[in-house]
Amino acid sequence: MSLPNAALEATPIFTRPLICLFTRKARCATHSFPLASHPKKIFKKKNHPAHELAPGGATTSLAKGVKERQPVKAPKAGSLFVRDNPPNTELRRFYERGDLPVSIEHRGVGNRIQWKVEIEKLDFHHYLPIFFDGLREKEEPYRFLAVEGVFDMLQHGGQKILPVIPQLIIPLKTALNTRDPSVIAITLKVLQQLVVSGELIGEALVPYYRQILPVLNIFKSKNVNIGDSISYSQRKRMNIGDLIQETLELLEGHGGEDAFINIKYMIPTYESCVLN
């Protein structure tokens with residue numbers, strides 16, 4: 001709708017219609033609806049109070065509503081949960097690029113490791129920590145190589161094992177911290193063999209009890225309650241509670257005078273097998 005210039009000049013300023021720049025239609029200066037439309041039709045838009053044709057008075061806000069707060073649950077104890085065990089061991093890396101002097105000999109009764117060099121001539125400072133780092137492997141053939149390689153080197157190592165003890169603590173601690181029952185079981189068996197594989201090895205492990213024993217304190221009471229039934233899997237020695245008790249007794253028996261005090265400090269529920 002358009003008005004003549006004379007009529008436009010005669011009307012007061014506050015009632016003059018405004019010319020919309022986009023639609024080129026006259027709009028009322030006091031309202032936002034076009035002059036050609038009736039206000040009653042616009043007021044019926046109750047669902048859209050902020051519509052562009054609303055008479056005014058509607059407000060909008062960009063503030064987001066406050067969500068209902070959920071009650072915070074108590075955190076669960078996760079000391080027994082299995083931790084991450086990424087397949088990035090040194091054993092896997094060295095074996096895949098062919099730097100280990102071992103190969104798997106497949107036999108009818110059972111496989112075994114075939115050493116390309118005599119074990120007594122190996123550099124224990126280099127190879128023994130690598131095989132210990134592979135104890136946390138669960139994938140074949142890396143697990144088989146690590147377990148068999150460690151037991152072979154501990155059996156034929158003799159006096160070469162004692163100087164390497166400081167380098168074996170980190171792989172042992174990493175394997176135990178996986179909290180995986182199968183990994184902990186084989187690590188405890190290796191630790192028992194390590195203690196009895198040479199003289200003074202048990203005493204050399206005493207300063208490192210604070211790195212090894214915390215995980216044993218968590219799983220010390222993890223036993224299988226079978227009542228009056230028979231567990232035929234005892235021959236496999238996979239009960240973690242029994243393995244931990246055997247390991248602690250070996251550590252105390254071969255650790256010298258200070259062994260029991262340090263074990264008791266880390267595992268308060270342990271009772272001496274020597275003093276009692």
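Arginine 136 counts as buried, because its relative accessibility is 8%, under the 20% limit for that class. This holds in a predicted model. The residue sits in a loop, with α4 (124-133) on one side in sequence and α5 (142-157) on the other. Its side chain makes a polar contact of 2.9 Å with the side chain of asparagine 88. Asparagine 88 also appears among the residues in contact with arginine 136 when neighbours within four places in sequence are left aside. The others are Asn85, Pro86, Thr89, Thr174, Ala175, Thr178 and Val183.

The loop of arginine 136 also holds proline 141, which lies between α4 and α5. A cis peptide bond links glutamate 140 to proline 141, with omega at about 0°. Most peptide bonds are trans.

Helix α4 is largely enclosed by the rest of the structure, because eight of its ten residues are buried. The buried set comprises Phe124, Tyr127, Leu128, Pro129, Ile130, Phe131, Phe132 and Asp133. Several elements take part in covering these residues. Among the helices are α3 (90-96), α5, α6 (165-176) and α7 (181-195). The strands β3 (102-105) and β4 (112-115) also contribute to the cover.

One of these covering elements, α6, was examined further. The axes of α4 and α6 come within 8 Å and cross at roughly 15°. This angle is under 35 degrees, and the two helices are therefore roughly parallel to each other. Their crossing is right-handed. On the α4 side, the contact is made by His125, Leu128, Pro129, Phe132 and Asp133. On the α6 side, Gln167, Leu168, Pro171 and Leu172 take part. By class, six residues of this contact are nonpolar, two are polar and one is charged. Of the α4 residues in this contact, Leu128, Pro129, Phe132 and Asp133 are also listed as buried.

Beyond α6, the chain enters the loop that leads to α7, where arginine 179 is found. Arginine 179 is buried, because its relative accessible area is 9%, under the 20% limit. Its phi is near 60°, a positive value in a residue other than glycine. A second such case is leucine 200, with phi near 65°, also positive and also in a residue other than glycine. Leucine 200 is placed in the loop between α7 and α8 (201-204). Most residues other than glycine have a negative phi.

Another helix pair is formed by α10 (residues 240-254) and α11 (residues 259-266). Their axes come within 8 Å and cross at roughly 145°. Leu248, Leu251 and Glu252 of α10 meet Ala259, Phe260 and Ile263 of α11. The contact of α10 with α11 has five nonpolar residues, no polar ones and one charged residue.

These details belong to a protein with eleven helices and four strands. The protein has 276 residues, of which 34% count as buried. Contacts between residues at least 6 apart in sequence were also considered across the protein. Of these, 63% join residues at least 24 apart.

How values were computed:
Residues are numbered from 1 along each chain as its sequence is written. This is a predicted model: local features need pLDDT of at least 70, side-chain atom pairs count only at pLDDT 80 or more; totals for chains, interfaces and linings use all residues. Side-chain values use heavy atoms; hydrogens and water are left out. Buried means under 20% relative accessible area, exposed over 50%, partly exposed in between (1.4 Å probe, protein chains only). A polar contact is a pair of N or O atoms within 3.5 Å; within protein, one must be able to donate a hydrogen and the other to accept it, and residues adjacent in sequence count only if both atoms are side-chain atoms. Contact means heavy atoms within 4.5 Å. Axes are lines fitted to C-alpha atoms, for helices over the stretch in contact, and angles run from 0 to 180 degrees between N-to-C directions. Angles under 35 degrees count as roughly parallel, over 145 as roughly antiparallel, 65 to 115 as roughly perpendicular and the rest as oblique. A crossing is left-handed if the near helix is turned anticlockwise from the far one by less than a right angle, and right-handed if clockwise. Ala, Val, Leu, Ile, Met, Phe, Trp, Tyr, Cys and Pro count as nonpolar, Asp, Glu, Lys and Arg as charged, and the others, Gly among them, as polar.
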